[in-house]
Protein chains: 2
Amino acid sequence: MTSKIIHSEEIAALETRFRALFINCLSGFKSVNLVGTVNKNGQTNLSIVNSVIHLGANPPLMGFILRPDSVTRDTWDNILETNYYTFNHLNPQIIEQAHQTSARFPKEISEFDATGLTPIFSENFAAPFVAESHVKIGLKFRERLPIELNGTYLVIGEIVEIHFPENCLSNDGFLDIQLADSVTNSGLDAYHLVEKPMRLSYAKTDKWPSVLH
Amino acid sequence: MTSKIIHSEEIAALETRFRALFINCLSGFKSVNLVGTVNKNGQTNLSIVNSVIHLGANPPLMGFILRPDSVTRDTWDNILETNYYTFNHLNPQIIEQAHQTSARFPKEISEFDATGLTPIFSENFAAPFVAESHVKIGLKFRERLPIELNGTYLVIGEIVEIHFPENCLSNDGFLDIQLADSVTNSGLDAYHLVEKPMRLSYAKTDKWPSVLH
């Protein structure tokens, strides 16, 4: 592989859409999720985000980046109204439907209806889950941190409900999301299947890591 | 797949290490990078992080989550001292070495030396890159946002230098990181190879997305 090196001035001089896609690819493979919400009138909304991040296990916190000018705007309005939202992992059977939720549907149309995905509700939890997703997480909104450098926000929620395939959970707490058919994403529009996990032993200074079986 | 559902009380009652691993798996596939830094005396440091996130393309910003009690503490001290750091994608040839950087080596030992990875330096850029990595990003520290809910931080840097395999870049700005051999991570200790990308067309309300070739 021939390596090329570019610097700030060249990055700044790139055509806007070229740069947006290129820079989006640099952060590596991403988590990709459907975010399910509902407004106080009961209308559901579904949007795709590729910025979900683990923040901590105790309390169990996850974040995602909100861009106020984007189609996730309805998502944010609904989170503010109800305090609840869901993350739903993508799998190969729903990639196209999930991608299609990023089209700018009018506010009065639910992306569930527009794409054929199925909302399901749990007891005592306001927001809809995606029935076709195999790993689904229900969150309660906790905080929105402004990132003033570029006008975005880190939206933080606490995990209050988890739906997962029981056969994918190991004795030590490892949930095999590849076995659960979860996929990954790169850039703005690329989806990738993932191969089986290779787990490595806890790293110690006096021995080389070994593969866990 | 038989789906199981658990709630807050059951999550809180999980054994600590089981919960840490389980919750870490829920955020989906993650970006995994080696962070290269150097202190003012010229001693290099290398740590592995699986929380790198794209924040924006203009200015080009990336973030990662800093846990103050972790082995990335030296990384943070060095960023404060020099203002510069690098993200280096993992590939199959360096997964074990990368994982081994998470062992608690004494402060006076460089993880480059301890794992056999090779530091390389660019002109006018303080921090070391990892020679064996195929996608390498040089960043200048911009801001550290405290996440008071759990005592962690979002560390934000601006991309000032990019090293990438020229053959992996498309005309529209898409960098094929799978072709560049980048891998992904899940949970705390699992590494996964990734299959070829399927790119979908920009979503519009009046037609179904098609596969880009």
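## Interface between the chains

Buried area is the accessible area, taken with a 1.4 Å probe, that two parts lose on being put together, summed over both. In this predicted model, that area comes to about 9500 Å² between chain A and chain B. Carbon and sulfur atoms contribute 65% of the total. Within chain A, the residues that lose the most area to chain B are A:Met1, A:Phe29 and A:Leu149, which together account for 8% of what that side buries.

The contact involves 111 residues of chain A and 111 residues of chain B. Across this interface there are 42 residue pairs in polar contact, both residues being at pLDDT 80 or more. The side of chain A that touches chain B comprises 58 nonpolar, 34 polar and 19 charged residues.

## Symmetry of the two copies

Two copies of a chain are related by a rotation about an axis and a shift along it. Here, a turn of 180° with a shift of 0.0 Å along the axis lays chain A on chain B with an RMSD of 0.0 Å. This is the relation of a two-fold axis. The C-alpha of chain A nearest the axis belongs to A:Val194 and lies 2.2 Å from it.

The interface residues follow this arrangement: 100% of those of chain A are also interface residues in chain B, so the copies meet through the same surface.

## Salt bridges between chains

Side chains of opposite charge can pair when their charged atoms come close. The whole structure holds 14 salt bridges over all chains, and 4 salt bridges are found across the interface of chain A and chain B.

One inter-chain pair consists of A:Lys4 and B:Glu166, with an N to O distance of 3.9 Å. This pair runs from strand β1 (residues 3-7) of chain A, where A:Lys4 lies, to the loop between β10 (152-165) and β11 (184-186) of chain B, which holds B:Glu166. A:Lys4 has a relative accessible area of 34% and is partly exposed; B:Glu166 is likewise partly exposed, at 42%. A salt bridge also joins A:Glu166 to B:Lys4, with the closest N and O atoms 3.9 Å apart.

## Salt bridges within chains

In chain A, A:Arg199 forms a salt bridge with A:Asp172, the closest N and O atoms being 2.8 Å apart. A:Arg199 belongs to strand β13 (residues 198-200) and A:Asp172 to the loop between β10 (152-165) and β11 (184-186), so the bridge ties together parts that are 27 residues apart in sequence. The partners differ in burial class: A:Arg199 is buried at 12% relative accessibility, whereas A:Asp172 is partly exposed at 34%. Elsewhere in chain A, a network of salt bridges links A:Arg73, A:Asp74, A:Asp77 and A:Lys107.

In chain B, the side chains of B:Glu158 and B:Arg142 meet in a salt bridge with an N to O distance of 2.5 Å. B:Glu158 is in strand β10 and B:Arg142 in strand β9 (residues 136-147), so this pair ties together parts that are 16 residues apart in sequence. B:Arg142 is partly exposed, with 38% relative accessibility.

## Helix α2 of chain A

Helix α2 of chain A spans residues 16-26 and is mostly covered, with 8 of its 11 residues buried. The buried residues are A:Phe18, A:Arg19, A:Leu21, A:Phe22, A:Ile23, A:Asn24, A:Cys25 and A:Leu26. Just after this helix, A:Gly28 adopts a positive phi of about 90°.

## Two buried residues of chain A

A:Ile53 lies in strand β4 (residues 53-57) of chain A. Its relative accessible area of 6% is under the 20% limit, so A:Ile53 counts as buried. Apart from neighbours within four places in sequence, A:Ile53 is in contact with A:Leu61, A:Met62 and A:Gly63 in chain A, and with B:Ser27, B:Ser51, B:Ile53 and B:Ile65 in chain B. The C-alpha atoms of A:Ile53 and A:Leu154 are separated by 9.8 Å, although these residues are 101 residues apart along the chain.

A:Ser122 is found in the loop between β7 (119-120) and β8 (129-130) of chain A, and is buried at 16% relative accessibility. The side chain of A:Ser122 makes a polar contact of 2.4 Å with the side chain of A:Glu161. With neighbours within four places in sequence left aside, the contacts of A:Ser122 are A:Phe129, A:Glu161 and A:His163.

Key. Residues numbered from 1 in each chain as written. Chains lettered and ligands numbered in written order. Predicted model: local features only at pLDDT ≥ 70, side-chain atom pairs only at ≥ 80, totals over all residues. Heavy atoms only, no water. Least-squares fit on C-alpha atoms with pLDDT ≥ 70 in both. Contact = heavy atoms within 4.5 Å. Buried < 20%, exposed > 50% of the residue type's maximum accessible area, 1.4 Å probe, protein only. Helix = DSSP H or I, 4+ residues; strand = E, 2+ residues; numbered from the N terminus. Polar contact = N/O pair within 3.5 Å; in protein donor to acceptor, adjacent residues only side chain to side chain. Nonpolar A, V, L, I, M, F, W, Y, C, P; charged D, E, K, R; others polar.
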